[in-house]
There are 2 protein chains.
Amino acid sequence: MELDERKLKILQAVVRNYLETGEPVGSRTISKYTDLNLSSATIRNEMADLEELGYILQPHTSAGRIPSDKGYRLYVDHMMAEKEKEVQEIKEMLLKKEEKMDQLLKQTARLLANDTNYAAMVSAPMVRGNKVKFVQLSRVDETQLVAVVVAEGNLIRNNMISVSRPVDDETLLKLNILLNTSLNGLSLSEINLGMIANLKAQAGAHEAIVSEVIDAVAATIGEEEDLEIYTSGAKNIFKYPELSDNQKASEIINAFEEKNTLHSLVHQTLTNEESTGIQVYIGDESPVSTMKDCSVVTATYDLGEGMKGTIGIIGPKRMDYEKVVDTMKSIMKQLDQVYK
Amino acid sequence: MELDERKLKILQAVVRNYLETGEPVGSRTISKYTDLNLSSATIRNEMADLEELGYILQPHTSAGRIPSDKGYRLYVDHMMAEKEKEVQEIKEMLLKKEEKMDQLLKQTARLLANDTNYAAMVSAPMVRGNKVKFVQLSRVDETQLVAVVVAEGNLIRNNMISVSRPVDDETLLKLNILLNTSLNGLSLSEINLGMIANLKAQAGAHEAIVSEVIDAVAATIGEEEDLEIYTSGAKNIFKYPELSDNQKASEIINAFEEKNTLHSLVHQTLTNEESTGIQVYIGDESPVSTMKDCSVVTATYDLGEGMKGTIGIIGPKRMDYEKVVDTMKSIMKQLDQVYK
DNA sequence: TATTAGCACTCAACTCATTCGAGTGCTAAT
DNA sequence: ATTAGCACTCGAATGAGTTGAGTGCTAATA
């Protein structure tokens with residue numbers, strides 16, 4: 001048995017209807033809802049087939065049908081109409097270019113959540129591959145230095161360095177020159193242990209203090225990315241009864257608060273990137289088990305200069321996929337342009 | 001009618017019992033629970049009095065009694081036993097002094113939440129009154145400068161400054177000297193508009209570029225504190241049925257995600273500080289209406305050098321106040337010592 | 001042969017009455 | 001002043017009955 005045109009239409013109707021109402025949908029409804037002009041009986045026969053094929057299922061014997069994960073998948077892959085939708089507010093919002101990156105991302109998350117009525121997340125861009133533009137070491141007082149590193153994309157990192165013995169002006173100057181000439185133009189990931197050893201050698205091993213400082217600078221530069229993630233609209237999950245029983249809500253909320261789960265999502269998305277850049281995980285397909293009752297839509301944005309990040313929407317399986325994908329596309333377009 | 005010794009004991013028993021079970025507590029229970037050796041009938045009479053006095057109330061005619069806000073208040077103020085409790089893990093945790101402040105605070109929040117089974121928040125310390133130790137302006141490339149400001153407590157702020165025309169070395173040097181001599185030792189809040197105007201005058205008004213740079217530095221220094229708040233254990237509210245219906249849970253979760261509400265809490269706490277430093281808000285007493293069905297316990301920690309922050313616990317009214325206050329005291333002690 | 005009308009059947013959800021029991025207030029006895 | 005005892009209240013749990021949306025199957029129809 002194969003999926004003919006009519007079965008597809010019926011499946012589509014089931015999905016659409018279920019997305020709207022959240023209730024299992026019966027044969028009579030479909031019979032009226034579609035333009036097929038078939039009686040409910042015929043629809044029933046077709047639906048029995050669709051169930052056998054695994055595209056829809058019955059929550060209990062005398063209920064209507066709801067789409068299975070497989071059914072959603074088919075819908076998402078082949079049956080979503082392309083809609084041109086205005087997301088005016090987003091443009092207005094993003095185009096006024098919040099000066100602070102974190103503000104911008106937070107704002108973006110809030111926007112995504114408000115616009116879709118699902119929970120949203122936005123990861124800060126990862127800067128792997130970013131190149132060092134500027135390094136400076138300055139003395140704050142007798143025993144403390146501050147190291148400032150500026151990378152492409154105007155990413156600034158700094159660190160206080162405590163030294164056991166004061167560093168004199170001349171040494172400081174030498175160090176600055178050394179650091180700048182050696183590190184400039186290198187990407188953060190290129191600065192590895194060998195590099196550091198090399199630097200130390202150049203600085204002269206007899207100066208223990210220099211070694212100490214270089215270690216600190218290396219730590220500053222190589223500092224483990226802690227991948228900030230901004231979330232918004234967690235409360236939206238309460239709008240969908242199928243997610244808001246205590247057990248499930250608790251899990252999802254927790255995932256949103258302790259961000260680890262979301263980290264996996266981000267990594268998954270970044271490594272997994274497809275042509276369109278938008279990925280849809282339905283139920284069990286999701287890379288994180290906490291989300292097995294949800295659908296997750298993620299996408300990658302690209303600020304240029306190797307700075308890539310992820311935005312995502314988490315909602316019920318009966319998510320309005322078209323709207324979400326639309327919104328995400330629109331936001332990505334805006335984000336991509338922010339720093340052009 | 002006054003509260004005699006016996007009424008107090010009964011009230012205490014009601015509160016204790018309700019804290020444990022979350023169920024309205026009846027006269028018979030009390031009669032057995034306490035060492036008063038009174039029959040349930042007597043207890044009933046006393047409870048009727050207590051109800052009239054407003055310390056307890058009945059959810060419905062034939063149910064037991066639960067403490068009113070007023071009852072909780074009396075309990076918290078006068079009847080909590082001082083317990084010496086070990087919070088060993090906390091010591092171990094905090095004493096190993098996470099190098100990064102934000103890691104430490106996040107960890108603290110997580111600890112509070114885990115230890116108490118309520119939702120926890122920790123605000124980053126506010127630095128009002130903190131003094132500038134060091135200011136430096138460096139050139140990154142032709143059109144971009146980076147301003148670095150270090151304040152007491154080794155709080156570092158920095159900002160990129162784009163200039164329309166390149167700044168030459170000499171000007172940069174002059175600016176650095178000017179900035180350091182004028183700003184050093186001032187508290188961040190002392191650097192106001194007048195101060196800035198003064199600086200500009202000294203820099204010489206004919207140099208438009210200088211003015212531009214000073215504005216940017218001022219912005220860096222005076223940068224609006226955005227008061228980072230770390231939260232943990234939001235999921236814990238699902239453990240208490242009286243908070244986990246959709247409506248309430250949604251509100252609380254939202255307050256935890258969009259941090260504004262918590263900001264009010266922090267400000268309230270910092271201005272309102274009492275002798276003990278620990279404040280308990282029960283139900284409607286809470287400064288934020290979102291928390292009207294909860295109890296909120298807050299406290300102030302002090303890292304010295306004018307750096308103060310807030311920790312807080314949000315849970316149901318039937319919160320184990322003794323444990324919470326204990327835990328908070330312990331954590332505060334640890335926090336206070338971290339930077340001594 | 002594909003479609004449909006019709007019918008018996010299923011089952012969650014709702015209603016309604018009943019029971020149960022924890023709790024109360026009151027009164028009379030101690 | 002305390003208590004035993006009793007009638008009373010009322011939410012919660014139970015269970016029977018009803019409803020209605022939905023199904024599968026079969027026989028009639030186009």
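1. A residue is near a molecule or strand if one of its heavy atoms lies within 4 Å of it, and helices (H or I, at least four residues) and strands (E, at least two) are DSSP runs, numbered from the N terminus. With those terms fixed, the surface near DNA strand D takes its largest share, four residues, from helix 3 of chain B.

2. The structure is a predicted model, in which local features need pLDDT of at least 70 and side-chain atom pairs count only at pLDDT 80 or more, while totals for chains, interfaces and linings use all residues. Residues are numbered from 1 along each chain as its sequence is written, chains are lettered from A and ligands numbered from 1 in the order in which they are written, and side-chain values use heavy atoms, with hydrogens and water left out.

3. On DNA strand D, 20 residues lie around the strand, and those that come nearest are A:Ser27, A:Arg44, B:Arg6, B:Thr42 and B:Ser62. Of the atoms of DNA strand D that come within 4 Å of the protein, sugar and phosphate account for 73%. Helix 3 of chain A and helix 3 of chain B each supply at least two residues of this surface. By class, the surface near DNA strand D has four nonpolar, twelve polar and four charged residues, where Ala, Val, Leu, Ile, Met, Phe, Trp, Tyr, Cys and Pro count as nonpolar, Asp, Glu, Lys and Arg as charged, and the others, Gly among them, as polar.

4. Several polar contacts with DNA strand D can be listed (a polar contact is a pair of N or O atoms within 3.5 Å; within protein, one must be able to donate a hydrogen and the other to accept it, and residues adjacent in sequence count only if both atoms are side-chain atoms). A polar side-chain atom of B:Thr42 lies 2.8 Å from a phosphate oxygen of the strand, an N or O atom in the side chain of B:Arg6 is 3.0 Å from a phosphate oxygen, and for B:Ser39 a polar backbone atom is 3.2 Å from a phosphate oxygen.

5. DNA strand C is likewise surrounded by 20 residues, of which the closest are A:Arg6, A:Thr42, A:Ser62, B:Ser27 and B:Arg44. Sugar and phosphate make up 70% of the atoms of DNA strand C that come within 4 Å of the protein. The residues of this surface divide into four nonpolar, twelve polar and four charged.

6. The contacts with DNA strand C involve several parts of the nucleotide. A backbone N or O atom of A:Ser39 lies 3.1 Å from a phosphate oxygen, a polar side-chain atom of A:Ser62 lies 2.9 Å from a sugar or linking oxygen, and an N or O atom in the side chain of A:Arg44 is 3.3 Å from a base oxygen. The elements that give two or more residues to the surface near DNA strand C are helix 3 (40-52) of chain A and helix 3 (40-52) of chain B, and helix 3 of chain A gives the most, with four residues.

7. Turning to the domains, chain A is divided into domain 1 (5-67), domain 2 (98-124 + 227-339) and domain 3 (129-222), with bounds that come from an automatic or database domain assignment. The centres of domain 1 and domain 2 of chain A, taken over C-alpha atoms, are separated by 30 Å. Six residues of domain 1 of chain A are in contact with five residues of domain 2 of chain A, contact meaning heavy atoms within 4.5 Å.

8. In chain A, five strands form an open antiparallel sheet in the order 7-3-10-9-8, where two strands pair if DSSP finds at least two bridges between them. Strand 7 (229-232) and strand 8 (278-282) of chain A stand at the edges, each with a single partner strand, so one side of each is left without a neighbour in the sheet. Strand 3 (residues 119-123) of chain A is joined to strand 7 by four bridges, the two running antiparallel, and A:Val122 has A:Tyr230 as its bridge partner in strand 7.

9. Another open sheet of chain A has three strands in the order 4-5-6, with antiparallel pairing. Eight bridges join strand 5 (residues 144-151) of chain A to strand 6 of chain A, and the bridge partner of A:Ala151 in strand 6 is A:Leu155.
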